[in-house]
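User: Could you take a close look at one part of this model for me, and then follow it outward into its surroundings? I'd enjoy one connected walk rather than a list.

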Amino acid sequence: MPRARFAEILRLLAEGEVEFIVVGMVAGVLQGAPVTTLDLDVVHRRSPENVRRLLAVLGRLDAVYRHDARRLRPGESHLAGPGHQLLTTSLGDLDCLGTIDQGRGYEELLPSTAALALADGRVVRVLGLAALIEAKERAGRPKDLAALPALRATFDESKRNA
C-alpha cells in the first residue's frame, strides 16, 4: 500500500466544504502526540447537504469499502446513518464515522474540538486531547490503551505551555 497522505485528504475535505471533525490518532498527531496510525478517522455532520459534499470528495478520492473485493462505493444512505464507513482511497485509508464514543455525533462533539489551520490556511476541527483521551479510555481496546500514555503526556505538556 502506498504511503498515506492524510494532510491531502484533509485539504480536499476542507476544500469541498465538508463539515467534519478529525478524531482518532490523527487528532492526537495534529496536536503534537508522538504516535502513528494507519488511517484517518473523521466524524462528519450527517445533514443531507453535508453528506452530498462528502460524497463528492469521496468520489474524487476513488473511495471504496476496505476489505471488499467488489470495490463498492459508499452511498448517501450509508453516510447519513450513525455507522462506520471504513474506506480506502487513492490517498490512504479513511474512516467516515457517523458517531463515536457512546453515540456522540458531530453536533455533540463540536464543543470538545479545536480549530487547526492546515498548511494552505484552511481550518479543520480536531477533537481536543482531553476528549480524545476520554474516548480512548472508554473504548478500552488494546490499541487505544497503548496510546494513552503518549496522549496524556502530550496533553500535560500542552497545559504547561499554555
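Analyst: **Helix H1 and what surrounds it**

The crossing of helices H1 and H3 is right-handed. Keep in mind as we go that this is a predicted model. H1 covers residues 6-15, while H3 spans residues 48-60. Their axes are 9 Å apart, and the packing angle is about 140°. Only angles over 145 degrees would count as roughly antiparallel, so H1 and H3 are classed as oblique to each other. On the H1 side, Leu12, Leu13 and Glu15 make the contact. H3 contributes Leu54, Val57 and Arg60.

Now for H1 itself. Its buried residues are Phe6, Ile9, Leu10, Leu12, Leu13 and Ala14. A bit of helix geometry helps in reading such a list: with 3.6 residues a turn, residues three or four places apart in an α-helix point the same way. Leu12 and Leu13 appear among the buried residues and also in the contact with H3.

Leucine 10 deserves a closer look. Its relative accessibility is 2%, under the 20% cut-off, so leucine 10 counts as buried. What does leucine 10 touch, once residues up to four places away in sequence are set aside? The list is Phe20, Val22, Leu30, Leu40, Leu118 and Val124. One of these, phenylalanine 20, is 10 residues from leucine 10 in sequence, with a C-alpha to C-alpha separation of 9.6 Å. After H1 comes glutamate 17, which has a positive phi, near 60°.

From the helices, let's move to the sheet. It is open and has 7 strands, in the order E3-E4-E5-E2-E1-E7-E6, with mixed pairing. E3 and strand E6 (113-117) are the edge strands, and each pairs on one side only.

The E3 end is a good place to look at individual pairs. Strand E3 (residues 64-65) runs antiparallel to E4, with 2 bridges joining them. E4 and E5 also run antiparallel, and 6 bridges join them. E4 and E5 form a hairpin, with 2 residues between the strands.

Threonine 88 ties this neighbourhood together. In one direction, threonine 88 of E4 has valine 64 opposite; in the other, threonine 88 stands opposite aspartate 93 in E5. Further along, leucine 86 is placed opposite aspartate 95 in E5.

Which residues of E4 lie on its covered face, and which on its uncovered one? Strand E4 (residues 84-89) has Gln85, Leu87 and Thr89 on the covered face, with His84, Leu86 and Thr88 on the uncovered face. The background is simple: side chains of a regular strand alternate between the two faces of the sheet.

Our last stop comes after E5. Aspartate 101 is found in the loop between strand E5 (92-97) and helix H5 (106-109). Is aspartate 101 buried or exposed? Its relative accessibility is 12%, under the 20% limit, so aspartate 101 counts as buried. Outside its neighbours within four places in sequence, aspartate 101 is in contact with Ala135 and Arg138. With arginine 138 there is also a side-chain to side-chain polar contact of 2.6 Å.

Methods: Residues numbered from 1 in each chain as written. Predicted model: local features only at pLDDT ≥ 70, side-chain atom pairs only at ≥ 80, totals over all residues. Heavy atoms only, no water. Helix = DSSP H or I, 4+ residues; strand = E, 2+ residues; numbered from the N terminus. Buried < 20%, exposed > 50% of the residue type's maximum accessible area, 1.4 Å probe, protein only. Polar contact = N/O pair within 3.5 Å; in protein donor to acceptor, adjacent residues only side chain to side chain. Contact = heavy atoms within 4.5 Å. Pairing = 2+ DSSP bridges. Axes fitted to C-alpha atoms, helices over the stretch in contact; angles between N-to-C directions. Parallel < 35°, antiparallel > 145°, perpendicular 65-115°, else oblique. Left-handed = near helix turned anticlockwise from the far one by under 90°.
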